[in-house]
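The following note sets out several points on the structure shown below. Each point may be checked directly against the coordinates.

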Amino acid sequence: QITKTLISLQLEMAKLAVLQNNDDEYQASLNNCIKLIEANLRTNVPDVNDLVDQLIVLKNFKLKQSIPEIDDALALLEETHTS
């Protein structure tokens with residue numbers, strides 16, 4: 001029961017991270033969730049393996065998408081602001 005609660009908490013933290021556009025917290029929460037599942041649930045059960053696979057797909061999604069032109073423009077703005 002404690003493990004299920006911890007997994008649920010990690011998923012809630014991931015949702016909150018998405019709302020805050022915080023990629024680092026999103027990645028950490030999903031990573032913790034995957035580790036909890038693999039360490040505490042029987043991974044020889046197909047549904048558990050499917051869940052882990054789906055969480056890995058979600059974890060591979062980056063909230064902070066990088067566009068070089070925008071990154072360059074922001075760097076120039078920051079440079080002029082500090083000058």
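**Notes on the helices and surface**

1. On helix H3, the exposed residues Pro46, Asp47, Gln54 and Val57 occupy the face directed away from the helix's buried side. The model under discussion is a predicted one.

2. The buried residues in H3 include Val48, Val52 and Leu55. They lie on the same side of H3, because the arc they cover around the axis is only 60°. Among the elements that cover the buried residues of H3 are H1 and helix H2 (23-40).

3. As to its geometry, H3 runs over residues 46-59 and has 14 residues. From its first C-alpha to its last it reaches 20 Å, close to the 20 Å expected at 1.5 Å a residue.

4. A nonpolar patch is present on the surface, formed by Ile2, Leu6, Leu9 and Met13, with a combined accessible area of about 370 Å². One of these residues, Ile2, lies in helix H1, which spans residues 2-19. Ile2 has a relative accessible area of 65% and is therefore exposed, the cut-off for that class being over 50%.

5. How many salt bridges does a search of the whole structure find? The search returns one. In a salt bridge, the side chains of Lys15 and Glu12 meet at 3.2 Å, N to O. Lys15 and Glu12 are three residues apart in helix H1, so about one helical turn separates them. Glu12 has a relative accessibility of 42% and therefore counts as partly exposed.

Conventions:
Residues numbered from 1 in each chain as written. Predicted model: local features only at pLDDT ≥ 70, side-chain atom pairs only at ≥ 80, totals over all residues. Heavy atoms only, no water. Patch = residues over 30% accessible without salt bridge, like charges linked within 9 Å, V, L, I, M, F, W, Y side chains within 5 Å. Areas by Shrake-Rupley, 256 points an atom, 1.4 Å probe, with all protein chains shown as cover. Salt bridge = Lys/Arg side-chain N within 4 Å of Asp/Glu carboxyl O. Helix = DSSP H or I, 4+ residues; strand = E, 2+ residues; numbered from the N terminus. Buried < 20%, exposed > 50% of the residue type's maximum accessible area, 1.4 Å probe, protein only. Expected span 1.5 Å × (residues − 1). Arc of directions from axis to C-beta. Contact = heavy atoms within 4.5 Å.
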